Amino acid sequence: MSQSLAQVYLHIVFSTKERRPFLTDPKLRAECHAYLAGTCHQRGSPSLIVGGTEDHVHLLCMLSRQESIAVLVRELKRESSKTLKEKSPELRTFYWQAGYGAFSVSPSHVEALKRYIASQEEHHRKETFQDEYRRLLRKYGIAYDERYVWD
């Protein structure tokens, strides 16, 4: 085969450090999501949707064949953190958590996941981020130690 082809849908989830509610302002949150989407595009992993709440983000993208998940997430966090800190003095202490969750998504589940990400504010009236993240880890069969999941 002379051509390398791939279609890997990836659901990435990460929170602000200590789940601090830095993104309460809807305008700032929308700018952050747009910036994350733009960074994905620049890195060859176009996003289908970025959403979240004041303390975490969900991102659905098509993973580039040229870059690992770890590098993509590192650059998403680095670039967006730098940009957010430049926005106002209140954001100088902004950080993303050290870890992240990355989950493969079947093409048949993409539309449902897009709806889920778009409805994050409504969803989190009923479930905390921590409970949501634990549920995702269980759904994907990922073993974890509660002592090391949160920072």
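A nonpolar core is a set of buried Ala, Val, Leu, Ile, Met, Phe, Trp, Tyr and Cys residues joined through side-chain atoms within 4.5 Å. Keep that idea in mind. The model above is predicted, and its largest nonpolar core has 21 residues. Those with the most contacts inside this core are I12, L36, L59, L84 and W96. Which elements give two or more residues to the core? They are β1 (9-15), α1 (26-42), β3 (56-62) and α2 (69-87).

Now step back to the whole chain. It holds six helices and four strands. Read along the sequence, the pattern is β-α-β-β-α-β-α-α-α-α. The C-alpha trace spans about 55 × 30 × 30 Å along its principal axes. How does the radius of gyration fit a compact globule? For 151 residues, such a globule would have a radius near 15 Å; the chain has 15 Å, so the two agree.

Next, look at how the chain meets itself. Take the contacts between residues at least 6 apart in sequence. Of these, 68% join residues at least 24 apart. Buried residues make up 42% of the 151 residues. The chain exposes about 8,600 Å², and carbon and sulfur atoms supply 51% of that area. Charges can be placed too. There are 23 positive and 19 negative charges, and their mean positions are 3 Å apart.

Return to the core and start with I12. Leave aside its neighbours within four places in sequence. Then I12 is in contact with V57, H58, L59, C61, L72, V73, L76, G101 and A102. Two of these partners, V57 and G101, are worth a visit.

V57 is found in strand β3. Is V57 buried or exposed? Its relative accessibility is 0%, so V57 counts as buried. The cut-off for buried is under 20%. Not counting residues up to four places away in sequence, V57 touches I12, V13, F14, H33, L36, G51, G52 and W96. Among them are I12, L36 and W96, which also appear in the list of residues with the most contacts inside the core. V57 also shows how distant parts of the sequence meet. V57 and S15 are 42 residues apart along the chain, yet their C-alpha atoms are separated by 6.2 Å.

G101 lies in strand β4 (residues 101-105). Its relative accessibility is 3%, so G101 counts as buried. Beyond its neighbours within four places in sequence, G101 is in contact with H11, I12, V13 and Y133. The C-alpha atoms of G101 and L10 are separated by 10.0 Å, with their places 91 residues apart along the chain.

Move on to helix α2, where K77 is found. Where does this lysine stand, buried or exposed? K77 is buried, because its relative accessible area is 10% and the cut-off is under 20%. Leaving aside neighbours within four places in sequence, K77 is in contact with F14, W96, Q97, A98, G99 and Y100. W96 is one of these partners, and W96 is also among the core residues with the most contacts. Compare places in sequence and in space once more. K77 and L36 are 41 residues apart along the chain, and their C-alpha atoms are separated by 8.3 Å.

Now leave the core for the loops. Two residues to find are E18 and R19. E18 is in the loop between β1 and α1. R19 has its place in the loop between β1 and α1 as well. What is notable about their backbone angles? Most residues other than glycine have a negative phi. Phi of E18 is near 60°, a positive value. Phi of R19 is near 55°, also positive. E18 is exposed, because its relative accessible area is 52% and the cut-off for exposed is over 50%.

One more loop remains. S119 lies between α3 (110-118) and α4 (120-123). At 26% relative accessibility, S119 counts as partly exposed. That class sits between the cut-offs of 20% and 50%. How far is S119 from Y95? The two are 24 residues apart in sequence and 24 Å apart in space, C-alpha to C-alpha.

Trace the route again on the structure. Begin at I12 and step across to its contacts V57 and G101. From V57, go to its contact W96. From W96, go to its contact K77 in turn. Finish in the loop between β1 and α1, at E18.

Methods. Residues are numbered from 1 along each chain as its sequence is written. This is a predicted model: local features need pLDDT of at least 70, side-chain atom pairs count only at pLDDT 80 or more; totals for chains, interfaces and linings use all residues. Side-chain values use heavy atoms; hydrogens and water are left out. Buried means under 20% relative accessible area, exposed over 50%, partly exposed in between (1.4 Å probe, protein chains only). Contact means heavy atoms within 4.5 Å. The radius of gyration is taken over C-alpha atoms; the globule rule is 2.2 Å times the number of residues to the power 0.38. Accessible areas come from the Shrake-Rupley method with a 1.4 Å probe; for residues, only the protein chains shown count as cover. Lys and Arg count as positive and Asp and Glu as negative; His and the chain ends are not counted. The place of a charge is taken as NZ of Lys, CZ of Arg, CG of Asp or CD of Glu.
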